[in-house]
Amino acid sequence: MFTDKVHIYVRGGDGGAGCMSFRREAHVPKGGPDGGDGGHGGNVVVQADAALSSLIQYRYKHHFKAERGTHGKGSRMHGARGDDLILKVPLGTIVREWNDDSKETGALIADLTHDGERVTVANGGMGGRGNIHFVTSTRRAPSFAELGEPASESWIELEMKLMADAALVGMPSVGKSSLIARISAARPKIADYPFTTLVPNLGVVKGDEYDFVVADVPGLIEGASEGRGLGHEFLRHIERTALIVHVVDMTGGYEGRDPVEDYRIINRELEMYASDLASRPRIVVANKCDAPGVEDAVRRLEAEVRSDAVAAADGNEYADSVAEAKVYRISALTGEGIDPLVHALGEKVHELREAARVQESERVAYEQVWEHEREARDKRFSVHRLSEGIFRVEGPQIERWVVQTDWGNEEALSFLQHRFGRIGLEKRLVAAGARNGDEIRILGRAFEFETADDADDAFRELDL
């Protein structure tokens, strides 16, 4: 079964808790703190794998969670790190954020086009620090440790777009499957009725000089760009290909269509679906030229293609896309004209590959960009006034700190308040109108707000 788009829930492993422990050893009175750190939770990583051809493994299983870190122990024994969970996907998979409530896609996370390329989609929680980390000149025997940090979690969308050098496009039953079967080892289903091909097929073509990969995309109809027929389901697979091979049935099929009008319709549908497809390099192929009575149709198609090429100077929307101002006459059934076509395709693919190699150095490092954006969002927090004297604070980092805190330990609570002070939470609350004695809610916890002596000064500074 061919699956090219799925939505999955990912969660990293929670961090292990730090240990609160003191050295206990014979002949060593008042041993110092020696609690070990908790292990970090594993990350969930999406990795491109050239051996895969679809997202079928995610069709029925939608929830994935990495291994959690283990807790720290005494004698400075740190907990083990949880193993990362590697989710393998085909080359050409786009990873996006997904809102499962609104059913809408969010920001682009990564575009995985190289074998082994990977991106972290859910970070594991940091392990809590043991009490050895909280020794200061005034706190010689800290009797608290951090709990493990909860892992990040989210829904993501995986969308696969075929990675092929060239894509065969055209109306249904124009002979695209027959052509890919003729020029490669691919063996798609071939029959004499429309929409025989329901899923894209890939074939490797062994040319006289260059080898390349060609995709057979299911037939398009007028209105495909608006979702008619198989429209949006497979138009997106053409976006990946560097070269479009436009196959036209010169017999007009059973409906007796005009081949030139078919050529125009497909051009319009590609342009309406994605404007850059109108300028994508293109080679036009006249198929079924062995049939009687098609000579006039072939000449008219050739004239149309030449007209597109000549009109380039006038800004014609299709002219720049025509790789050559000629039509390749072939018969996928008999093999007529196949060798010159394969040679031309190989030459053009090689030319486009060389141009792409020059641009490779400018490729965006998606992993670094995504991590930077995620860290920035993680540190943001907001203050909301719920009612008179009640405020809610929301933000990923602050909420994690609250979860990490041992609420039965006074020292741990004091350390949490110190953290709040470092990020300016008190000033933000004062600016929002909070006063002594107001209730501050973070997750399921509530605090009684008490301002420092210089809170009024801080408020005035914010006004300035």
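Me: Is Ser177 buried or exposed in this model?
Reply: Happy to start there, keeping in mind that this is a predicted model. Ser177 has a relative accessible area of 9%, and buried means under 20%. With that cut-off, Ser177 counts as buried.

Me: Which helix holds Ser177, and which annotation covers Ser177 and Thr197?
Reply: Ser177 lies in helix α1. The unreviewed UniProt entry marks Ser177 and Thr197, and the annotation it gives them is "binding site".

Me: Which residues have the most contacts inside the largest nonpolar core?
Reply: In soluble globular proteins, nonpolar side chains tend to be buried together. Here the largest nonpolar core has 34 residues. Those with the most contacts inside this core are Leu179 and Leu341.

Me: Which element gives the most to this core?
Reply: Elements that give two or more residues to the core include the strands β9 (166–169), β11 (211–216), β12 (243–249) and β13 (282–287). Helices α1 (176–183), α3 (259–273) and α5 (338–359) do so too. With 7 residues, the top contributor is α5.

Me: Leaving aside neighbours within four places in sequence, what is Leu179 in contact with?
Reply: Let's set aside the neighbours within four places in sequence. Leu179 then touches Leu168, Val247, Ile330, Ala332, Ile338 and Leu341.

Me: How many residues does the second, separate core have?
Reply: This core is separate from the one around Leu179 and Leu341. Among its members are Leu87, Ala110, Leu162 and Ala164. Its size is 25 residues.

Me: Which strands stand at the edges of the sheet β4-β2-β7?
Reply: This open sheet has 3 strands with mixed pairing. An edge strand has a single partner, so one side of it is left without a neighbour in the sheet. The strands placed this way are β4 (85–89) and β7 (118–122).

Me: In what sense do β2 and β7 pair, parallel or antiparallel?
Reply: The two strands are joined over 4 bridges, and Val46 stands opposite Val119 in β7. The sense of the β2 and β7 pairing is antiparallel.

Me: Where does Gly32 lie, and how far apart in space are Gly32 and Pro142?
Reply: Gly32 lies in the loop between β1 (5–11) and β2 (44–48), and is partly exposed, with a relative accessible area of 34%. Leaving aside neighbours within four places in sequence, Gly32 is in contact with Ser21, Phe22 and Arg23. Gly32 and Pro142 are 110 residues apart in sequence, yet their C-alpha to C-alpha distance is 9.3 Å.

Me: What are the edge strands of the sheet β15-β16-β17-β18?
Reply: This is an open sheet of 4 strands with mixed pairing. Each edge strand pairs on one side only, and the two are β15 (382–387) and β18 (445–448).

Me: What is the bridge partner of Arg392 in β17?
Reply: Strands β16 (residues 390–394) and β17 (residues 439–442) run parallel and are joined by 3 bridges. In β17, the partner of Arg392 is Arg441.

Me: Which helix packs on this sheet, and what angle does its direction make with that of β17?
Reply: The helix is α7 (residues 396–404), which touches β16, β17 and β18. The angle between the directions of α7 and β17 is about 95°.

Me: What share of the residues in the protein chain is buried?
Reply: The chain has 10 helices and 18 strands, and exposes about 23100 Å². Of its 464 residues, the buried share is 47%.

Conventions
Residues numbered from 1 in each chain as written. Predicted model: local features only at pLDDT ≥ 70, side-chain atom pairs only at ≥ 80, totals over all residues. Heavy atoms only, no water. Pairing = 2+ DSSP bridges. Contact = heavy atoms within 4.5 Å. Axes fitted to C-alpha atoms, helices over the stretch in contact; angles between N-to-C directions. Core = buried A, V, L, I, M, F, W, Y, C linked by side-chain atoms within 4.5 Å. Buried < 20%, exposed > 50% of the residue type's maximum accessible area, 1.4 Å probe, protein only. UniProt positions renumbered as here; feature names shortened; annotations may be inferred. Areas by Shrake-Rupley, 256 points an atom, 1.4 Å probe, with all protein chains shown as cover.
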